[in-house]
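Colleague: I am new to reading structures, and I would like to walk through one with you. Shall we take it one question at a time?

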Amino acid sequence: MAATGLVSLLPPARCRVHLIESDEIGIVGVGEATLPQMKSFNDLCGIDEAEMMRATNATFKLGIQFVDWGSLGSSYIHPFGIHGPPGTEHIFHHKWLRASREGLPGQIDDFSFACRAGVANRFDFPPKSSQSIGSSYSYAYHFDASLYGRYLRTIAERRGVRRTEGKVANVETDAESGNIVALRLENGEEIRGDFFIDCSGFRSLLLGQTLDSPWEDWTKWLPCDRALAVPTERAGELTPYTRSTAMEAGWRWRIPLQHRTGNGYVFSSRFIDEDRAAEQLLSALDEPTLAEPRLLKFGAGRRTESWRKNCVALGLSSGFLEPLESTSIYLAQIAIMHFVPLFPERRADPSLAAEFNRRVDLEYDRIRDFLILHYHLNQRDDSELWRYCRSMSVPDSLTEKMELFRHSGFVEKYRDGLFTPPSWLAVYFGQGLRPEHYHPLADAIPAAALMDEMDDLRADIDDRVDAMLKHSTVVERYAGING
Ligand SMILES: Cc1cc2nc3c(=O)[nH]c(=O)nc-3n(C[C@H](O)[C@H](O)[C@H](O)COP(=O)(O)OP(=O)(O)OC[C@H]3O[C@@H](n4cnc5c(N)ncnc54)[C@H](O)[C@@H]3O)c2cc1C
């Protein structure tokens, strides 16, 4: 992504990109669920959507379904879209809250077009210029991350990126400035550069190991530190959403691709051992496995500086937040997008690094709080992990947000970083937090009129969803790998 982004967005006269990758080391390769921002990145880089989807066995994604998270037996969807009609975001959830108190059955999900389309396994592209409820969503992809990497590589090379296959054995720095000057490969080849992008994954070869950017540990809030990943055959409906099911010591993902389904159990080794986690994962699968489960180890946190000296780290080499909200690929993407406007002259000015770090830190911190919310806001009493998470202290920034919502239903809308108010609302309501008060504006119409309005809206959404094609049909026609 970095090589493609840089070669596509910067003029060749100012930026020549040399990519080093090691086939022997390979990539993590388990990132399979994305966010809608991925489409913007691809569009910006001039990548054809249907071609990309075919090349990566991709399907569409309208959100994430959370099963058993708030309490055993509960379920909600965090949609890529708003609740209620466009233009009413500031008040709709207050009106729904009032209607719910007046006896309206169901959840706020019923008033999200993306949620309704998702559970009905339907998909359509959102209309570009419409203010109707049918345009109140966006979409992302499920895809094979290894294939996406390979696909981007061909594009990047076609656009002028030079690629060297080899293993970096040594990083050479300038004794005076501390800047990186060259990478020496195992075969002795030396590759010099003005600026270095560390995409070496959890190793963080340049930023962590060479430039010693310290690691900030967040495992006290996000205790999951292992994952077992296993693909299964594709069976049943092609759901246009990721499913995340809370388990005894973590959660299990289910991600439908065109040719297979990705599954995995993200768990905390403090609360369960690997054998038992594997047993729980395998017994929960509803389709035959295609390989043995693969174990991955990690820890939540980030480097205190993602840009140090003449090096920027992207992706796992800069930090890790578990894949609960599919944010890692986004974090790599947004770091590229923050880097391009700050692209340095030959000498990297420290003020550029400071601004980049401020922006990237904010991205990480916001996502961190949102992820913690999922764990902290639970009423499960059936296992130790959930009891621990419910009673743990959380960052002040999250406590403040929760208190505001708990009291008045207010959700802060911030300018930079994920997530927007509809996402916070989905998780607050989905995990069982109800504000003490709704906004007085929700009392503007009589109760009976409000109930009629809600009923009409629900019917409108259902009619529109009924008219949509099946997700599997749209995928097949638009980007089917067998077509
Ligand atoms: C269990 C799990 C599930 C995940 N699910 C999702 C998800 O659903 N959505 C999402 O957005 N993200 C997800 N992620 C994160 C996602 O996998 C990563 O963000 C993504 O793979 C990018 O990783 P990366 O490029 O930073 O590192 P890697 O994939 O590890 O790539 C590192 C690269 O550096 C090269 N390299 C390393 N050392 C050397 C060396 N010495 N010499 C030469 N080359 C070297 C390797 O060859 C490789 O090309 C998940 C992660 C985990 C652990």
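Colleague: Which residue has a polar backbone atom 2.8 Å from a nitrogen atom of the ligand?

Modeller: Happy to help, and please keep in mind that this is a predicted model. Pairs of N or O atoms count as polar contacts when they lie within 3.5 Å. At 2.8 Å from a nitrogen atom of the ligand, the backbone atom you ask about belongs to Val-168.

Colleague: How much of the ligand's area does the protein bury?

Modeller: Start with the ligand taken alone, which exposes 1,000 Å². With the protein in place, the buried part of that area is 91%.

Colleague: Which residue has a backbone N or O atom 2.7 Å from a nitrogen atom of the ligand?

Modeller: Gly-26 also makes a backbone contact, but with an oxygen atom of the ligand, at 3.3 Å. The 2.7 Å distance to a ligand nitrogen belongs to a backbone atom of Ala-33.

Colleague: How many nonpolar residues does the shell around the ligand have?

Modeller: The ligand is surrounded by 27 residues, with Val-28, Ala-33, Val-168, Leu-316 and Ile-329 the closest. Sorted by class, 9 of the shell are polar and 3 are charged. The nonpolar count is 15.

Colleague: Let us move to the open spaces. How much space lies in the second largest pocket?

Modeller: For this pocket, the volume comes to about 910 Å³. Its lining has 42 residues, and Lys-413, Phe-419, Thr-420, Pro-421 and Pro-422 are the closest to its centre. Elements giving two or more residues to this lining include α9 (328–339) and α10 (350–376). So that you leave with the value you asked for, since volume here is the space filled by probe spheres, the answer is about 910 Å³.

Colleague: Which elements give two or more residues to the lining of the largest cavity?

Modeller: The whole structure has 3 cavities of 30 Å³ or more, and the largest cavity holds about 50 Å³. Residues lining this cavity include Lys-401, Leu-404, Trp-424 and Tyr-428. By class, the lining has 6 nonpolar, no polar and 2 charged residues. The elements you want are α12 (396–408) and α13.

Colleague: Which residue does a cis peptide bond join to Leu-418?

Modeller: Most peptide bonds are trans. Here omega is about 5 degrees, and the bond is cis. The partner of Leu-418 sits in the loop between α12 and α13, and its name is Phe-419.

Colleague: Is Asn-57 buried or exposed?

Modeller: Asn-57 lies in the loop between α3 (49–56) and β2 (59–61), and its phi is near 55 degrees, a positive value in a residue other than glycine. Its relative accessibility is 10%. Because the cut-off for buried is under 20%, Asn-57 counts as buried.

Colleague: What is the relative accessible area of Ser-326?

Modeller: Ser-326 is in the loop between β21 (319–320) and α9. Phi of Ser-326 is near 55 degrees, a positive value. Ser-326 is buried, with a relative accessible area of 7%.

Colleague: One more, please. What distance separates the C-alpha atoms of Phe-267 and Asn-310?

Modeller: Phe-267 lies in strand β16 (residues 260–267) and counts as buried, at 0% relative accessibility. Along the chain, Phe-267 and Asn-310 are 43 residues apart. Between their C-alpha atoms, the separation is 36 Å.

Notes: Residues numbered from 1 in each chain as written. Predicted model: local features only at pLDDT ≥ 70, side-chain atom pairs only at ≥ 80, totals over all residues. Heavy atoms only, no water. 1 Å grid on protein atoms, 1.4 Å probe; cavity = no way out; pocket = protein on both sides within 12 Å on 5 of 7 lines; lining within 4 Å. Helix = DSSP H or I, 4+ residues; strand = E, 2+ residues; numbered from the N terminus. Near = heavy atom within 4 Å. Polar contact = N/O pair within 3.5 Å; in protein donor to acceptor, adjacent residues only side chain to side chain. Areas by Shrake-Rupley, 256 points an atom, 1.4 Å probe, with all protein chains shown as cover. Nonpolar A, V, L, I, M, F, W, Y, C, P; charged D, E, K, R; others polar. Buried < 20%, exposed > 50% of the residue type's maximum accessible area, 1.4 Å probe, protein only.
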